[in-house]
Amino acid sequence: MKHKKLFNMAKVLTFIIIVTLGLFPSGMTYADETTTVSVSAPNEVEAGEQFTVSIVVEPGTAIAGAQFNLSFDQSLVTASNVTEGNLLSQGGAATYFNAGTINNTAGTISGVAGAIITPGQTVSTAGTFATITLTAGPGGGTCPLTLSGVVVGDANGQSVPVSLISSQVIVDGQDTNNRPPVISAIGDKSVNEGQLIMFFISATDPDGDALTYSASNLPEGANFDTETRAFTWTPGIGGAGTYENVHFEVSDGELTDSEDITITVNIPNPPGGGGGGDVGDDNPGGGGGGGVGDDSEESSDEPEEQDEPDESPPVIQEVTASDIGTDNAVICWTTTEPSTSQVEYWASPSQFSPLDETLVTEHVVYLTGLTPGTVYHYRTLSQDEAGNLVISPDYNFTTPTEPAAFTVSWLTISPSEVNIGQEVTINALITNTGEAGGSYNVTLSIDDVVEAIESIVDLAGGASQEVSFTITREDVGVYLIDVNGTTGTLVVNNAYKPEAAIELFGITPSYESDTGVITSTRVDYGINESYYATLFSQPGIELVLEVGLDDEPLEEVILIASGQSEPDMRTGSLSYVPVESWTSGTYTFQAELRTSEGVIEVSPPVRLIITPATAAGVASWATLGEIIGGVLIISLLAVLLILHRNRDMLRAESAE
């Protein structure tokens with residue numbers, strides 16, 4: 001019985017040890033390396049409502065930049081702008097952001113990208129990378145919001161695994177009760193025989209429906225172009241009379257509106273007021289009638305040769321809309337022969353620019369009084385000296401809702417500390433945050449004195465352009481650099497700077513090939529040969545490796561010390577592993593050359609970013625000791641418990 005109880009206690013002890021070991025993690029982290037990029041959108045919006053969509057990034061590891069494309073149904077929504085979210089700037093880092101290109105015709109937003117430009121800075125916390133402003137159209141339906149071309153990078157510029165979650169938004173369309181279009185008044189017309197008559201038909205639709213135009217009961221030889229909505233007719237000689245019920249109609253596909261007009265054709269007055277001579281006329285030769293015995297009979301057998309009339313209209317080419325502002329635009333085109341200039345333009349209803357009767361081949365028409373944020377259709381009209389009219393196809397442009405507005409960001413001064421006469425490059429990123437294109441002067445001032453001006457011409461809304469300046473300074477000092485209100489400093493030192501004693505310092509991390517977990521990093525170091533023999537022959541000279549973690553000192557390692565005067569000891573390498581094992585964060589490596597009186601020289605810092613994934617599984621002896629010690633303590637307590645129970649059982653048996 002006693003052995004059976006001891007056996008049962010042993011099983012209990014084994015179970016406790018197994019459970020205890022199971023409480024400790026098999027690795028150092030459980031970090032999910034996959035970064036999730038998702039679209040956050042409202043479930044439903046009303047027709048005409050402006051709303052925003054957020055691109056949310058949940059990092060699975062430390063990241064330093066991202067980019068994406070987004071597609072949408074352009075028949076349901078339109079995009080107006082893209083702005084940067086708080087993802088990359090969470091830790092106070094400086095960032096660069098490109099709002100990409102919006103194409104509402106194709107339903108795409110492409111090339112949106114951003115990055116942290118503060119060296120060594122990363123983010124690991126979820127946040128909004130970009131916010132997109134959209135407006136729902138009049139139609140109803142479900143609009144997909146689909147991500148593509150997504151790349152997320154770490155501080156080394158390497159892409160990390162990503163998982164994409166697209167979304168959709170329901171657009172609640174407008175009231176489907178259709179209202180009829182309204183044709184603009186045409187009115188009756190009058191024209192002379194042989195004279196061209198031309199006019200345009202226009203209409204409006206309260207629901208914004210697409211309209212089609214038609215005409216019927218036209219006089220013989222008359223034409224109505226359903227695309228340009230132009231009526232043209234040149235009545236022939238003998239065509240004088242009244243033409244009634246010329247019918248014009250407009251339709252939205254369901255409902256129509258129309259107007260019937262009357263065109264009156266008149267006989268023109270002859271030049272000089274004379275007509276052809278009639279029999280018995282007191283002046284039979286008047287008006288060129290020609291009487292009996294007239295000398296003109298000699299030439300009547302050979303009529304005078306006349307030039308054929310010009311019936312070919314000019315050709316319109318190179319139609320463009322430029323300098324589009326919130327309330328104005330410039331329309332330009334060329335023609336193959338001199339002709340007049342006029343533009344028909346409309347959002348609703350149609351209107352015409354003043355007719356410029358100057359005959360030219362290069363045409364420029366200025367449109368003013370436009371409405372901001374409106375799509376305008378237009379076509380150009382030109383008529384040559386012979387009266388031949390040509391009308392271009394329809395074109396369109398959109399007036400922006402916001403004028404051009406410029407910001408200066410990402411000011412860099414490289415290098416920021418120089419010697420006298422050394423060149424310095426100053427870069428600044430100029431962004432047009434408005435919707436209209438525009439021009440901008442970028443002014444570089446140094447200590448409030450203008451140094452240089454660069455002009456940016458016709459920068460499109462939402463676009464960015466980098467501007468660069470190169471300067472030198474001949475005086476020592478600290479200079480204030482100002483680019484249109486964004487400032488920085490430049491330090492200028494004496495031209496002489498002694499040769500560096502630390503001529504070599506760098507690190508090379510090593511990773512397990514199958515897991516990507518860091519194992520160690522090689523530290524390479526070296527002292528300039530001219531310094532080595534002199535310095536290290538003296539007592540108290542050391543070259544020390546300083547290691548920090550997240551801007552806090554971690555440990556120091558002596559690389560070279562006095563007395564090591566052999567030539568082959570001035571350079572070397574060290575395989576470094578932290579005493580407390582690798583931890584996720586930013587490690588800083590720096591070499592210091594010291595004497596007993598202080599620091600002589602410090603190398604530039606070298607940073608190594610360790611993510612939870614690359615640190616996983618690397619445990620120090622101290623950590624392993626804590627785990628083993630914990631297990632042993634629990635096991636010892638279990639043994640003591642068993643012995644205590646065993647002693648009680650023995651006493652009970654003795655008492656029996």
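# Strands, rings and salt bridges

Phe200 has Ala230 of β19 as its bridge partner. The model shown here is predicted. That single bridge is a good place to start.

Phe200 and Ala230 belong to a wider pairing. Strands β15 and β19 run antiparallel and are joined by four bridges. A third strand completes an open sheet, with the order β15-β19-β18 and antiparallel pairing. Strands β15 (197-200) and β18 are the edges; each has a single partner strand, so one side of each has no neighbour in the sheet. From one strand to the next, the twist averages 15°. Strands of a sheet pair through backbone hydrogen bonds, in either the parallel or the antiparallel sense.

Aromatic rings sit on these strands too. How are the rings of Phe199 and Phe231 arranged, stacked or tilted? Their centres are 4.8 Å apart and their planes meet at 25°. Planes under 30 degrees apart count as stacked, so this pair is stacked. Phe199 is in strand β15 and Phe231 is in strand β19, so the contact links distant parts of the chain, 32 residues apart. Both residues are shielded. Phe199 is buried at a relative accessible area of 8%, and Phe231 is buried at 0%. Ring pairs extend the group, linking Phe199, Phe224, Phe231 and Phe248 into a cluster.

The structure has 15 aromatic pairs in the count. One of the pairs, Tyr378 with Phe397, has another geometry. The ring centres are 5.7 Å apart and the planes are at 50°, so the pair is tilted. Tyr378 lies in strand β26 and Phe397 in strand β28 (residues 395-398), with their positions 19 residues apart in sequence. Tyr378 is buried, with a relative accessible area of 2%. Phe397 is buried as well, at 4%.

Strand β20 brings in further pairing. Strand β17 (residues 212-216) and strand β20 (residues 241-251) are antiparallel and share five bridges. Within that pairing, Thr212 has Ser251 of β20 as its bridge partner. Strand β20 also pairs with strand β21 (residues 256-266), again antiparallel, over nine bridges. Here Val250 is matched with Asp257 in β21. Strands β20 and β21 form a hairpin with four residues between them. In that hairpin, Gly253 takes a positive phi near 100°.

Now turn to charge. Side chains of opposite charge can pair when their charged atoms come close. The structure holds nine salt bridges. In one of them, Arg229 meets Glu344, with the closest N and O atoms 3.9 Å apart. Arg229 is in the loop between β18 (223-225) and β19 (230-233), while Glu344 is in strand β23 (residues 328-346), so the salt bridge ties together parts that are 115 residues apart in sequence. Arg229 is buried, at 5% relative accessible area. Glu344 is buried too, at 0%.

Glu344 has a further partner. Arg379 forms a salt bridge with Glu344, and the closest N and O atoms are 2.5 Å apart. Arg379 lies in strand β26 (residues 375-383) and Glu344 in strand β23, so this pair ties parts that are 35 residues apart in sequence. Arg379 counts as buried, with 0% relative accessibility.

Elsewhere, Arg473 and Glu451 meet through their side chains in a salt bridge of 2.9 Å, N to O. Arg473 is in the loop between β34 (464-471) and β35 (477-483) and Glu451 is in strand β33 (residues 449-459), so the pair joins parts that are 22 residues apart in sequence. Are the two partners buried or partly exposed? Arg473 is buried, at 17% relative accessible area. Glu451 is partly exposed, at 37%. Shared partners also build a network: salt bridges join Arg229, Glu344, Arg379 and Asp394.

Last comes the nonpolar interior. Which members of the largest nonpolar core touch the most other members? They are Phe68 and Phe129, in a core of 38 residues. The elements that give two or more residues to this core are β1 (35-40), β3 (50-58), β4 (65-71), β5 (77-84), β8 (108-116), β9 (127-136), β10 (141-153) and β12 (167-172). Beyond its neighbours within four places in sequence, Phe68 is in contact with residues including Ile55, Val112, Phe129, Ile132, Leu147 and Val150. Another core lies apart from this one, with 26 residues, among them Leu543, Leu549, Trp582 and Ile610.

Definitions and conventions
Residues numbered from 1 in each chain as written. Predicted model: local features only at pLDDT ≥ 70, side-chain atom pairs only at ≥ 80, totals over all residues. Heavy atoms only, no water. Core = buried A, V, L, I, M, F, W, Y, C linked by side-chain atoms within 4.5 Å. Buried < 20%, exposed > 50% of the residue type's maximum accessible area, 1.4 Å probe, protein only. Contact = heavy atoms within 4.5 Å. Salt bridge = Lys/Arg side-chain N within 4 Å of Asp/Glu carboxyl O. Pairing = 2+ DSSP bridges. Axes fitted to C-alpha atoms, helices over the stretch in contact; angles between N-to-C directions. Phe/Tyr/Trp six-rings, centres within 6.5 Å; stacked < 30°, edge-to-face > 60°.
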